[in-house]
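Visitor: Could you take me inside this one and give me a close look at its enclosed spaces? Once we've been there, feel free to wander on to whatever else is worth a stop.

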Amino acid sequence: MRRACFIGGKWIPMADHAPLYSPCTGQVIAHIPQADAVAVERAIAAAEEATTPMRRMPAYQRAAILEKIAILLDERMEEAARIVALEAGKPIRTARGEIIRTVQTYRFAAEEAKRLHGETIPLDAAIGGEGRLAYTVREPLGVVGAITPFPFPFNSIAHKVGPALAAGNTVVLKPASQTPISALFLAELAEQAGLPAGALNVVTGSAEVVGHKLVTDPRVRAVTFSGSPEVGVEVRNRAGLKKVILELGANSAVIVDRDTPLDEVVLRCLFGAFAYSGQVCVSVQRIYVVTDIYDEFVRRFVEQTVALRGGDSLEEEADFSAMVHPKQTERVLAWIGEALDQGAKLACGGELMGRMLLPTVLTHVPREAKIAREEVFGPVVMINPVQSVQQAIRLVNDSRYGLQAGVYTNNLSLALESADELRVGGVIINDIPTFRVDHMPFGGVKESGLGREGVACAVEELSELKLVVVKR
């Protein structure tokens, strides 16, 4: 791997490097360049200089570059998937799924580059507006700072870089410290695809050095950030007047009504809870099941959970692997212990197998437990009984988060009532909240975020409206 950052179309060596450890083995897998303040300044300056050629580039050329990135990534899919498995600890089969989605995301971005348009305004609807033509256009903001998390190192980046470039912006990208190789791999693809020098800059290093500068520098006109609510609030407070898009935390829930087919529902909830060891922003963390079918649901769910296979992330048979860092594993174990002390019941899991935390199912979890109220971001799910869907809706809403929620019911009235009453950014009927395709609007309410991703929405967020009025 190159021991350099990608700045202004060139690979710039850094004096300092930090070891990158495998989540699965704890061994060093790479040494990552650590940018200093001078390098970050150079990246922002390069991005600022590239705003003019990007702004003037025809839409079809931007679309062609993004399509070329998608083609190149598709050709190197297995290589990219192995990078994800190695640096993020994501099971290789799941990693391949992420790369397939990422290819689609860049293709969606290529399409949206050709769809930027405004509208005409009938000014003669107002007295004094006669004899004037008015129309709007969408224009790029300029330099966009993108700060991405570790769980989806390729696709999270694509949801920020793709729309930003589609709208004609330039980007300075700071990837998560655990998953920088994915970002440097993208820089290689962008270079091969013919992206102008400075349009994409990848700067690896600490949040204190790189992230702080991106958030506070006035030349950066927008910041798009995914991470914890605590850091998101800090980003918002420091950003000043620049546009901010935040995709933050969640403790997503599923409601299961009495009339649902359990075979299908259990398997989907199992996937939502334990895919990538629950380290997904819309992981299924809370399941509320009506009492009529509660015992049977729990029995089937636990039976399927204990059948999951753990292993190294590069093993084809592995359903789950180690969490991203031992400290996070320790934290989740402590939360499980706290819930048990408060009266929760352990149905399975709750212990380590080597570096891996076994998928854990808790039942009858009290509302004051962290597992019920905070984002666990680990392989833990709680399953609690409810008397009705309406009671479950109240429990789902009793949260500082509101990203997505799933509702399983064959009662159309209940489905529509749930869609009206749930205070979340997305309601998924007859599926889990983990469901996402990459062109749909995606984002939350309350402390789950600000603004929307999903390629078309993000293009709009990362552009601004200009009004033009012509008097005859």
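**Inside the cavities**

Guide: Let's start at the second largest cavity, where 14 residues make up the lining and Gly278, Val280, Ser283, Gln285 and Phe377 sit nearest the centre. Keep in mind as we go that this is a predicted model. The volume of this second largest cavity comes out at about 50 Å³. Sort its lining by class and you get 7 nonpolar, 6 polar and 1 charged residues.

How many cavities are there in the whole structure? Searching for those of 30 Å³ or more turns up 3. The largest of them encloses about 70 Å³ of space. Its lining is made of 13 residues, and the ones closest to the centre are Asn251, Arg286, Tyr401, Gly402 and Val424. Two elements each give two or more residues to that lining: helix 14 (389-397) and strand 19 (401-402). Tyr401 and Gly402, which are among the central residues, fall in the range of strand 19. By class, the lining of the largest cavity splits into 5 nonpolar, 6 polar and 2 charged residues. For the second largest cavity, remember, the split was 7 nonpolar, 6 polar and 1 charged.

Now for the salt bridges. The structure has 32 of them, and I'd pick out three.

One joins the side chains of Glu78 and Arg96, with N to O at 2.9 Å. Glu78 belongs to helix 4 (residues 77-88) and Arg96 to helix 5 (residues 92-113), so to speak two distant parts of the chain, 18 residues apart, linked by the pair. Glu78 has a relative accessible area of 37%, so it counts as partly exposed.

Another salt bridge runs between Asp292 and Arg258, whose closest N and O atoms are 2.8 Å apart. Asp292 is in helix 11 (residues 291-305), while Arg258 is in the loop between strand 12 (253-256) and helix 10 (262-274), so this contact ties together parts of the chain 34 residues apart in sequence. Which end is exposed, and which is partly exposed? Asp292 is exposed because its relative accessible area is 54%, and the cut-off for that label is over 50%. Arg258, at 42%, is partly exposed.

Stay with helix 11 for the third one. Glu296 and Arg300 are both in this helix, 4 residues apart, which is about one turn. Their salt bridge brings the closest N and O atoms to 2.8 Å from each other. Glu296 is partly exposed, with 29% relative accessible area. Arg300 has a relative accessibility of 25%, so it counts as partly exposed too. The pair isn't on its own, either: through salt bridges with shared partners, Asp263, Glu296, Arg299, Arg300 and Glu303 are joined into one network.

On to the strands. Near the start of the numbering, strand 1 (residues 4-7) sends Ala4 and Phe6 one way and Cys5 and Ile7 the other, and all four are buried. Strand 1 pairs with strand 2 (residues 10-13) in the antiparallel sense, over 4 bridges. In that pairing Ala4 faces Pro13 of strand 2. The two strands make a hairpin with 2 residues between them, and Gly8 in the turn has a positive phi of about 60°.

There's also an open sheet of 3 strands, ordered 5-6-24 and paired antiparallel. Its edges are strand 5 (120-121) and strand 24 (463-471), each pairing on one side only. Strand 6 (residues 132-140) pairs antiparallel with strand 24 over 9 bridges. If you want a spot to zoom in on, find Thr136, which stands opposite Leu467 in strand 24.

One last stop is Asp74, found in helix 3 (residues 59-75). It counts as partly exposed because its relative accessibility is 36%. Asp74 and Gln104 are 30 residues apart in sequence, yet their C-alpha atoms are 9.5 Å apart in space.

Notes
Residues are numbered from 1 along each chain as its sequence is written. This is a predicted model: local features need pLDDT of at least 70, side-chain atom pairs count only at pLDDT 80 or more; totals for chains, interfaces and linings use all residues. Side-chain values use heavy atoms; hydrogens and water are left out. On a 1 Å grid over the protein atoms alone, a cavity is a set of points where a 1.4 Å probe fits but cannot get out, and a pocket is an open set with protein on both sides within 12 Å along at least five of seven lines; lining residues have an atom within 4 Å of a point. Grid points are joined across faces, edges and corners, and a volume is the space filled by probe spheres set on the points. Ala, Val, Leu, Ile, Met, Phe, Trp, Tyr, Cys and Pro count as nonpolar, Asp, Glu, Lys and Arg as charged, and the others, Gly among them, as polar. Buried means under 20% relative accessible area, exposed over 50%, partly exposed in between (1.4 Å probe, protein chains only). Two strands pair if DSSP finds at least two bridges between them. A salt bridge is a side-chain nitrogen of Lys or Arg within 4 Å of a carboxyl oxygen of Asp or Glu.
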